[in-house]
Amino acid sequence: MATIILDAGHGPLTPGKRSPDGKLLEYHFNAELAERIRHYLLLEGVDVFYSHENSRDVPLTERAAIANKLDADAFVSLHANAFGNGWNEAQGIETYMFPQASKQTAALVEQVHRSLITACGRKDRGVKTANFAVLRETRMPAVLVECGFMTNREEAGLLLSSAYRVQCARAISFGILNWLYHEKIT
(Lines give C-alpha, C1' and ligand atoms only; values in the text may rest on other atoms or scores of the structure.)
Protein backbone atom coordinates (compact mmCIF):
# COMPACT_ATOMS: atom_id res chain seq x y z
CA MET A 1 0.00 0.00 0.00
CA ALA A 2 2.37 2.70 1.21
CA THR A 3 5.61 3.30 3.08
CA ILE A 4 5.82 5.80 5.92
CA ILE A 5 8.98 6.88 7.74
CA LEU A 6 8.48 7.77 11.39
CA ASP A 7 11.13 9.95 12.97
CA ALA A 8 11.35 10.23 16.75
CA GLY A 9 12.88 13.70 16.74
CA HIS A 10 16.28 14.36 18.26
CA GLY A 11 17.84 11.36 19.97
CA PRO A 12 18.34 9.65 23.31
CA LEU A 13 21.55 11.60 24.00
CA THR A 14 20.49 15.07 22.79
CA PRO A 15 21.17 17.48 25.68
CA GLY A 16 18.54 19.90 26.94
CA LYS A 17 15.51 18.22 25.41
CA ARG A 18 13.56 17.76 28.64
CA SER A 19 11.00 19.37 30.92
CA PRO A 20 12.37 21.85 33.49
CA ASP A 21 11.94 19.29 36.29
CA GLY A 22 13.70 16.57 34.25
CA LYS A 23 10.75 14.16 34.48
CA LEU A 24 10.03 14.24 30.73
CA LEU A 25 12.76 13.48 28.22
CA GLU A 26 11.58 14.50 24.76
CA TYR A 27 13.09 11.51 22.99
CA HIS A 28 11.21 9.08 25.26
CA PHE A 29 7.92 10.73 24.32
CA ASN A 30 8.84 10.84 20.62
CA ALA A 31 10.00 7.21 20.49
CA GLU A 32 6.92 5.88 22.29
CA LEU A 33 4.70 7.91 19.99
CA ALA A 34 6.48 6.41 16.97
CA GLU A 35 5.90 2.90 18.30
CA ARG A 36 2.21 3.56 18.84
CA ILE A 37 1.73 5.14 15.41
CA ARG A 38 3.61 2.24 13.80
CA HIS A 39 1.17 -0.19 15.47
CA TYR A 40 -1.88 1.63 14.10
CA LEU A 41 -0.44 1.98 10.60
CA LEU A 42 0.62 -1.68 10.42
CA LEU A 43 -2.96 -2.67 11.22
CA GLU A 44 -3.98 -0.80 8.05
CA GLY A 45 -1.35 -2.53 5.89
CA VAL A 46 1.07 0.39 5.76
CA ASP A 47 4.81 -0.36 5.75
CA VAL A 48 6.56 1.62 8.48
CA PHE A 49 10.26 2.30 9.02
CA TYR A 50 12.09 4.40 11.59
CA SER A 51 14.78 6.98 10.86
CA HIS A 52 15.87 7.06 14.51
CA GLU A 53 17.67 4.59 16.75
CA ASN A 54 17.35 4.09 20.49
CA SER A 55 21.11 3.63 20.90
CA ARG A 56 22.42 6.83 19.28
CA ASP A 57 21.53 10.27 17.98
CA VAL A 58 21.07 9.75 14.23
CA PRO A 59 22.27 12.86 12.32
CA LEU A 60 19.54 14.79 10.50
CA THR A 61 21.08 14.24 7.06
CA GLU A 62 21.17 10.50 7.73
CA ARG A 63 17.50 10.53 8.72
CA ALA A 64 16.57 12.19 5.43
CA ALA A 65 18.86 9.84 3.48
CA ILE A 66 17.10 6.80 4.99
CA ALA A 67 13.72 8.10 3.88
CA ASN A 68 15.01 8.99 0.41
CA LYS A 69 16.69 5.60 -0.04
CA LEU A 70 13.46 3.80 0.87
CA ASP A 71 11.52 6.08 -1.50
CA ALA A 72 8.89 6.49 1.20
CA ASP A 73 5.48 8.01 0.55
CA ALA A 74 5.80 10.35 3.53
CA PHE A 75 8.14 11.34 6.37
CA VAL A 76 6.65 12.19 9.77
CA SER A 77 8.88 13.74 12.45
CA LEU A 78 7.52 13.60 16.01
CA HIS A 79 8.35 16.16 18.71
CA ALA A 80 7.40 17.79 21.98
CA ASN A 81 7.93 21.55 21.99
CA ALA A 82 9.75 23.83 24.45
CA PHE A 83 10.01 27.55 25.08
CA GLY A 84 13.05 28.56 27.07
CA ASN A 85 14.40 26.46 29.93
CA GLY A 86 11.88 27.13 32.70
CA TRP A 87 8.16 26.68 33.23
CA ASN A 88 6.00 29.13 31.27
CA GLU A 89 2.59 29.59 29.66
CA ALA A 90 3.49 28.61 26.06
CA GLN A 91 1.13 25.83 25.00
CA GLY A 92 -0.53 24.08 22.12
CA ILE A 93 0.07 22.03 19.02
CA GLU A 94 1.83 23.25 15.89
CA THR A 95 2.72 21.48 12.69
CA TYR A 96 5.49 22.35 10.23
CA MET A 97 6.25 21.94 6.56
CA PHE A 98 9.05 23.22 4.32
CA PRO A 99 8.36 26.74 2.91
CA GLN A 100 8.45 25.53 -0.71
CA ALA A 101 6.41 22.41 0.01
CA SER A 102 4.33 20.66 -2.63
CA LYS A 103 0.53 20.55 -2.63
CA GLN A 104 0.79 16.91 -1.52
CA THR A 105 2.87 17.97 1.47
CA ALA A 106 0.43 20.74 2.36
CA ALA A 107 -2.42 18.21 2.22
CA LEU A 108 -0.54 15.80 4.52
CA VAL A 109 0.28 18.56 6.98
CA GLU A 110 -3.31 19.79 7.03
CA GLN A 111 -4.71 16.29 7.63
CA VAL A 112 -2.29 15.53 10.47
CA HIS A 113 -2.69 18.96 12.08
CA ARG A 114 -6.49 19.00 11.93
CA SER A 115 -6.65 15.48 13.34
CA LEU A 116 -4.33 16.34 16.26
CA ILE A 117 -6.25 19.50 17.16
CA THR A 118 -9.60 17.70 17.03
CA ALA A 119 -8.46 14.67 19.03
CA CYS A 120 -6.34 16.39 21.66
CA GLY A 121 -8.31 19.57 22.30
CA ARG A 122 -5.19 21.68 22.82
CA LYS A 123 -4.57 25.26 21.66
CA ASP A 124 -4.20 25.43 17.86
CA ARG A 125 -0.89 27.18 17.16
CA GLY A 126 -1.38 26.56 13.45
CA VAL A 127 0.46 25.15 10.48
CA LYS A 128 3.82 26.85 10.02
CA THR A 129 6.73 26.71 7.63
CA ALA A 130 10.34 26.15 8.61
CA ASN A 131 13.63 25.32 6.95
CA PHE A 132 14.23 22.25 9.13
CA ALA A 133 16.70 19.73 7.67
CA VAL A 134 14.28 16.79 7.77
CA LEU A 135 11.69 18.83 5.88
CA ARG A 136 14.17 20.32 3.43
CA GLU A 137 16.25 17.24 2.59
CA THR A 138 13.53 14.62 2.20
CA ARG A 139 12.22 14.06 -1.33
CA MET A 140 8.70 13.10 -0.28
CA PRO A 141 5.92 14.89 1.60
CA ALA A 142 7.25 15.61 5.08
CA VAL A 143 5.64 16.91 8.25
CA LEU A 144 7.04 17.81 11.67
CA VAL A 145 4.56 17.81 14.56
CA GLU A 146 4.94 19.45 17.96
CA CYS A 147 2.45 17.72 20.29
CA GLY A 148 2.64 20.15 23.19
CA PHE A 149 5.09 22.09 25.33
CA MET A 150 7.41 20.34 27.79
CA THR A 151 7.89 23.76 29.43
CA ASN A 152 4.19 24.14 30.27
CA ARG A 153 3.31 22.31 33.50
CA GLU A 154 -0.11 21.16 32.29
CA GLU A 155 1.15 19.98 28.91
CA ALA A 156 4.23 18.32 30.42
CA GLY A 157 1.82 16.28 32.53
CA LEU A 158 -0.15 15.37 29.42
CA LEU A 159 2.99 14.45 27.48
CA LEU A 160 3.94 12.09 30.32
CA SER A 161 0.52 10.41 30.36
CA SER A 162 -0.21 7.23 28.48
CA ALA A 163 -3.72 8.45 27.60
CA TYR A 164 -2.41 11.58 25.85
CA ARG A 165 0.22 9.57 23.99
CA VAL A 166 -2.52 7.27 22.71
CA GLN A 167 -4.61 10.32 21.67
CA CYS A 168 -1.67 11.81 19.75
CA ALA A 169 -0.74 8.50 18.12
CA ARG A 170 -4.28 7.76 17.00
CA ALA A 171 -4.73 11.29 15.70
CA ILE A 172 -1.47 11.32 13.73
CA SER A 173 -2.22 7.86 12.34
CA PHE A 174 -5.70 8.98 11.33
CA GLY A 175 -4.30 12.05 9.58
CA ILE A 176 -1.71 9.98 7.70
CA LEU A 177 -4.31 7.40 6.66
CA ASN A 178 -6.78 10.06 5.50
CA TRP A 179 -4.02 11.59 3.39
CA LEU A 180 -2.95 8.21 1.99
CA TYR A 181 -6.49 7.20 1.08
CA HIS A 182 -7.15 10.57 -0.55
CA GLU A 183 -3.84 10.56 -2.44
CA LYS A 184 -4.29 6.94 -3.61
CA ILE A 185 -7.85 7.51 -4.80
CA THR A 186 -7.47 10.88 -6.54
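How many of the residues of strand 4, residues 93–97, are buried? The answer is 5 of 5, so that strand 4 is mostly covered, given that buried means under 20% relative accessible area. Before I continue, please note that this is a predicted model.

Let me stay with strand 4. Ile93, Thr95 and Met97 point one way, whereas Glu94 and Tyr96 point the other way, and all of these are buried. In a regular strand the side chains alternate between the two faces of the sheet.

I turn to the neighbours of strand 4. On the one hand, strand 4 pairs with strand 5, residues 124–129, in the parallel sense, over 5 bridges. Within that pairing, Tyr96 has Lys128 of strand 5 as its bridge partner. On the other hand, strand 4 runs antiparallel to strand 6, residues 142–149, and 3 bridges join the two. Here Thr95 has Val145 of strand 6 as its bridge partner. As for the connection, strand 4, helix 3 (residues 103–120) and strand 5 form a β-α-β unit that is right-handed.

Next, strand 1, residues 3–8. Strand 1 is also mostly covered, with 6 of its 6 residues buried. Thr3, Ile5 and Asp7 point one way, while Ile4, Leu6 and Ala8 point the other way. Strand 1 pairs with strand 2, residues 47–50, through 4 bridges in the parallel sense. Between these two strands the chain passes through helix 1, and this β-α-β crossover is right-handed. Strand 1 also runs parallel to strand 3, with 5 bridges joining them. Leu6 is a convenient reference point for both pairings: Leu6 stands opposite Tyr50 in strand 2, and opposite Val76 in strand 3.

Now to the packing. Which residues have the most contacts inside the largest nonpolar core? They are Ile4, Leu33, Ile37, Leu116, Ile172 and Ile176, in a core of 39 residues. Strand 1, helix 1 (26–43), strand 3 (74–81), strand 4, helix 3, strand 6 and helix 6 (162–185) each give two or more residues to this core. Helix 6 supplies the largest share, 10 residues.

Leu116 deserves a closer look. Leaving aside residues up to four places away in sequence, Leu116 touches Ile93, Gly121, Val145, Cys168, Ala171 and Ile172. There is also a second, separate core of 12 residues, which includes Tyr96, Ala130, Val134 and Ala142.

Finally, the cysteines. How many disulfides does a search of the whole structure find? The search finds 0. Cys147 is in no disulfide, and the nearest cysteine sulfur, that of Cys168, is 4.2 Å away. Cys147 is buried, with a relative accessible area of 1%. Why is the sulfur of Cys168 not bonded to the closest cysteine sulfur? That closest sulfur belongs to Cys120 and is 3.8 Å away, which is too far for a bond because a disulfide requires two cysteine sulfur atoms within 2.5 Å. Cys168 is likewise buried, at 0% relative accessibility.

To close, I return to the opening question: strand 4 has 5 of its 5 residues buried, with strand 5 paired to it in the parallel sense and strand 6 running antiparallel to it.

How values were computed:
Residues are numbered from 1 along each chain as its sequence is written. This is a predicted model: local features need pLDDT of at least 70, side-chain atom pairs count only at pLDDT 80 or more; totals for chains, interfaces and linings use all residues. Side-chain values use heavy atoms; hydrogens and water are left out. Buried means under 20% relative accessible area, exposed over 50%, partly exposed in between (1.4 Å probe, protein chains only). Two strands pair if DSSP finds at least two bridges between them. A crossover is right-handed if, with the strands pointing away from the viewer, the path from the first strand over the helix to the second runs clockwise. A nonpolar core is a set of buried Ala, Val, Leu, Ile, Met, Phe, Trp, Tyr and Cys residues joined through side-chain atoms within 4.5 Å. Contact means heavy atoms within 4.5 Å.
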